[in-house]
Amino acid sequence: YKTITAGPDKSSMNSLGECSHQTIGNAIRSLLHASGLDLKYWNFAFHHFIRLFNFFPHGTRDKSPFELVYGYKPDLSLL
């Protein structure tokens with residue numbers, strides 16, 4: 001783990017962090033648009049997306065982030 005300090009207004013120096021922020025923002029906007037909800041529901045869409053993101057494996061891992069932390073698969077019946 002290596003910390004690199006970026007100057008103010010230099011998001012181009014932090015491409016990994018900015019990429020994940022853009023992915024989250026795009027997903028939230030897609031959820032809101034597809035559901036026809038107003039932007040005032042942004043925080044609910046954010047929490048919903050993060051829950052979905054943590055419940056399913058992504059990248060090169062076979063297990064979801066939830067499974068890696070808690071050691072068992074999440075209950076998807078409530079989704």
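Which residues form one aromatic cluster? They are Phe 55, Phe 66, Tyr 70 and Tyr 72. We'll come back to them after a look at the whole chain.

## What you're looking at

This is a predicted model, where local features need pLDDT of at least 70 and side-chain atom pairs count only at pLDDT 80 or more, while totals for chains, interfaces and linings use all residues. Residues are numbered from 1 along each chain as its sequence is written, and side-chain values use heavy atoms, with hydrogens and water left out.

## The overall layout

The chain has three helices and zero strands, so to speak an α-α-α run from the N terminus on. Here helices (H or I, at least four residues) and strands (E, at least two) are DSSP runs, numbered from the N terminus.

Of the chain's 79 residues, 14% count as buried. Buried means under 20% relative accessible area, exposed means over 50%, and partly exposed is in between (1.4 Å probe, protein chains only). About 6900 Å² is exposed by the chain, and carbon and sulfur atoms supply 57% of that. These areas come from the Shrake-Rupley method with a 1.4 Å probe, and for residues only the protein chains shown count as cover.

As for contacts (heavy atoms within 4.5 Å), take the ones between residues at least 6 apart in sequence: 11% of them join residues at least 24 apart.

## The core between H1 and H2

Five residues make up the largest nonpolar core: Ala 27, Ile 28, Leu 32, Ala 45 and Phe 49. H1 and H2 each supply at least two of them, and H1 gives the most, with three residues. A nonpolar core is a set of buried Ala, Val, Leu, Ile, Met, Phe, Trp, Tyr and Cys residues joined through side-chain atoms within 4.5 Å.

Ala 45 is a good one to click on. You'll find Ala 45 in helix H2 (residues 42-55), and it counts as buried because its relative accessibility is 9%. Beyond its neighbours within four places in sequence, Ala 45 is in contact with Ile 28, Leu 31 and Leu 32. Ile 28 sits 17 residues away from Ala 45 in sequence, yet their C-alpha atoms are 5.7 Å apart in space.

## Aromatic pairs

A pair of aromatic rings is described by the distance of the centres and the angle of the planes. Rings of Phe, Tyr and Trp (its six-membered ring) pair if their centres lie within 6.5 Å; planes under 30 degrees apart count as stacked, over 60 as edge-to-face and the rest as tilted. The count comes to six aromatic pairs by this rule. One of them joins Phe 49 and Phe 53, a tilted pair at 5.7 Å centre to centre with 35° between the planes.

Both of these residues lie in helix H2, four residues apart, or about one turn of the helix. Phe 49 counts as buried because its relative accessibility is 13%, whereas Phe 53, at 35%, counts as partly exposed. Another pair, Phe 66 and Tyr 72, is edge-to-face: 5.6 Å centre to centre and 85° between the planes.

## Back to the cluster

Phe 66, one of the cluster residues, lies in helix H3 (residues 65-70). Is Phe 66 buried or exposed? Phe 66 counts as buried, because its relative accessibility is 17%. Leaving aside neighbours within four places in sequence, its contacts include Asn 54, Phe 55, Tyr 72 and Pro 74.
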